[in-house]
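User: Please take a close look at one aromatic side chain towards the C-terminal part of this chain, and explain how its surroundings are built. I should then like the account to widen to the neighbouring packing and to other parts of the fold.

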Amino acid sequence: MPVSAVTPGNRRDDAVAGPSVSWHGLPIDAVLTRLRSTPSGLELEDAAQRLLQVGPNHIDLRPPASAWTIFARQFRSVVVLLLIIAAVIAAMLGDAGDAVAIGAVLVINALLGFVTELRAHRATESLRRLEVRRAQVIRSGRLHDISARELVPGDVIALESGQAVPADARLLQATELRTNEALLTGESLPVAKEADRVLPDDTSVADRVNMVYQSTAIINGVAHAVVTATGGATEVGRVGILTSELPDDRTPLEQRLDTLGRRLVVVALLVAAVVAAIGLLRGEPWWSVVQTGIALAIAAVPEGLPAVATVALAVGVHRMSRRRALVRRLPSVETLGSATVVCTDKTGTLTAGLMSATVVATEHREYRVTGDDARVQDPVGEFLLEGTRVVTADDPVLSELLRAAALANRATLDHRDGDWRSTGDPTEIALLALAAKGGMTRRDLLASFPDVAEIPFSSERQWMATAHRVPARPDVVRVFAKG
């Protein structure tokens with residue numbers, strides 16, 4: 001389909017939706033009217049035509065810097081340029097030793113900076129790949145599984161637990177829907193959504209409970225929503241485009257080194273001029289005077305300064321990487337060190353947005369739960385009672401509690417590709433990991449206790465329950481609840 005002619009600069013989302021519409025401030029009927037859509041979705045022909053108008057649901061960012069650009073950036077310092085000139089002059093004067101020494105310093109300095117920045121650059125580029133690949137969309141009254149790039153404003157999408165939202169959308173209907181919007185708002189707690197709410201136009205993104213946004217995750221519930229924005233017009237798209245267009249400003253260290261380099265140029269030229277003038281006044285041969293002046297100018301350039309600065313910054317990057325901090329450019333280490341106050345939302349920044357059960361309390365006992373603090377969702381650990389390991393199968397009360405934690409649950413925790421993967425509410429994931437430490441997985445329990453009914457969690461009830469048939473007694477149903 002010929003959609004390549006549409007670029008971020010000439011996207012025509014307003015051809016369908018209208019410019020700067022506060023979708024959260026309109027009732028559902030008004031939203032559908034503005035988008036020329038219906039609860040049963042767009043017709044297939046209409047969707048194809050809109051795709052030609054607005055372009056694919058894709059965030060076009062500034063092309064990433066090439067490896068050559070990153071390498072060339074290592075030579076833009078005034079001090080480094082001075083060293084290059086000094087090496088060339090030394091070679092022209094036949095001083096091979098100095099030329100080789102200066103050249104070696106330049107190569108080491110450039111390689112250190114290049115390798116560090118290239119690794120960090122590739123890591124940060126991978127963080128920008130946030131687009132959702134597939135989407136469930138209702139078109140012509142039927143549910144279709146399509147590429148998320150083909151979504152257009154006015155499409156009605158179906159959402160359920162475990163999915164990522166493929167585009168910004170206004171909710172049409174929702175049942176116990178909760179989303180994780182930490183990617184966009186920094187808030188790790190699940191957000192309860194309500195389709196029928198109409199909000200003031202100035203409501204912030206974090207408080208728009210009748211909207212869902214691209215790349216955020218569905219934690220619980222199901223919903224239908226009508227797409228209001230795609231590609232660069234989405235909230236996460238605007239953030240990505242703004243981030244990609246930030247100027248590559250020089251850090252305080254780079255600015256000070258450039259200032260030092262310019263002063264060294266002035267000092268070197270003055271010293272060379274003074275020495276040359278004195279030599280000529282004394283009747284020395286002019287070629288000897290020129291050589292002496294150039295030699296003094298070269299000596300005034302500190303060959304080891306760039307290498308010392310680069311090595312010091314590389315050590316800082318290495319120490320930060322051991323603490324799982326990613327530094328995109330070497331001089332940024334010094335910039336961070338210059339900060340006196342850092343304002344940050346702790347969740348998802350200083351913490352991982354994950355939960356872990358560390359203590360289990362029953363009516364008469366309290367158990368301590370062990371595990372790796374750095375990998376809290378890995379179900380590896382044991383239960384200790386007054387320092388002694390407890391075998392779960394020998395403790396009926398603990399076994400029953402863990403069974404309820406795994407069955408009254410809608411999260412998933414599976415071992416795939418050599419790692420543990422989870423979806424769902426962080427609290428429910430923590431309970432699944434807790435049960436797994438006791439040897440119980442939800443999948444194995446469901447094979448013995450097939451579920452027959454569920455009362456989903458709601459903010460009003462503050463609890464959920466699931467009903468299961470008892471093994472070998474199909475006429476008996478047991479209910480497990482948590483809250």
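Analyst: Phe480 has a relative accessible area of 3%, and because buried means under 20%, this residue counts as buried. The model under discussion is a predicted one.

Phe480 belongs to an aromatic pair, and a search of the whole structure finds one such pair. Its partner is Phe449: the ring centres are 6.2 Å apart and the planes stand at 90 degrees, so the arrangement is edge-to-face. Phe449 sits in the loop between α14 (442–448) and β14, whereas Phe480 is part of strand β16; the pair therefore ties together parts that are 31 residues apart in sequence. Phe449 is also buried, at 10% relative accessibility.

The strand that carries Phe480 is part of an open sheet of three strands, in the order β14-β15-β16, with antiparallel pairing. At its edges are β14 (451–455) and β16 (473–482), each of which pairs on one side only. Neighbouring strands of the sheet are turned against each other by 20 degrees on average, direction ignored. Between β14 and β15 (residues 464–470) there are four bridges, and these two strands run antiparallel. Within this pairing, Ile455 stands opposite Ala465 in β15. Helix α12 (residues 396–407) packs on the sheet and touches β15 and β16; the direction of α12 makes about 85 degrees with that of β16.

Helix α12 leads on to the nonpolar interior. The largest nonpolar core comprises 23 residues, and those with the most contacts inside it are Val360, Tyr367, Phe383, Leu398, Leu402 and Leu434. Two or more residues of this core come from each of β9 (366–369), α12 and α13 (426–437). With neighbours within four places in sequence left aside, Leu398 is in contact with Val360, Tyr367, Phe383, Val390 and Thr392. Another core, of 18 residues, lies apart from the largest one and includes Leu151, Leu177, Ile218 and Ala225. As a general matter, nonpolar side chains tend to be buried together in soluble globular proteins.

A further pairing of strands involves β12 (residues 412–416) and β13 (residues 419–423), which are antiparallel and joined by five bridges. Thr412 has Thr423 of β13 as its bridge partner. The two strands form a hairpin with two residues between them, and Asp417 in the turn has a positive phi of about 55 degrees.

Elsewhere, helix α1 (residues 28–35) shows a division between its sides. Ile28, Val31, Leu32 and Leu35 of this helix are buried. These residues cover an arc of only 95 degrees around the axis, which puts them on the same side of α1. Asp29 and Thr33, on the other side of α1, are exposed. The buried residues of α1 pack against α2 (44–54), β4 (168–180) and β7 (217–229). After α1 comes Arg36, which has a positive phi near 50 degrees.

A last point of contrast concerns Ala273, a residue of helix α8 (residues 252–281). Ala273 has a relative accessible area of 46% and is partly exposed, whereas Phe480 is buried. The C-alpha atoms of Ala273 and Val290 are 9.2 Å apart in space, with the two residues 17 apart in sequence.

Conventions: Residues are numbered from 1 along each chain as its sequence is written. This is a predicted model: local features need pLDDT of at least 70, side-chain atom pairs count only at pLDDT 80 or more; totals for chains, interfaces and linings use all residues. Side-chain values use heavy atoms; hydrogens and water are left out. Two strands pair if DSSP finds at least two bridges between them. Axes are lines fitted to C-alpha atoms, for helices over the stretch in contact, and angles run from 0 to 180 degrees between N-to-C directions. Contact means heavy atoms within 4.5 Å. Buried means under 20% relative accessible area, exposed over 50%, partly exposed in between (1.4 Å probe, protein chains only). The arc is that of the directions from the helix axis to the C-beta atoms. Rings of Phe, Tyr and Trp (its six-membered ring) pair if their centres lie within 6.5 Å; planes under 30 degrees apart count as stacked, over 60 as edge-to-face and the rest as tilted. A nonpolar core is a set of buried Ala, Val, Leu, Ile, Met, Phe, Trp, Tyr and Cys residues joined through side-chain atoms within 4.5 Å.
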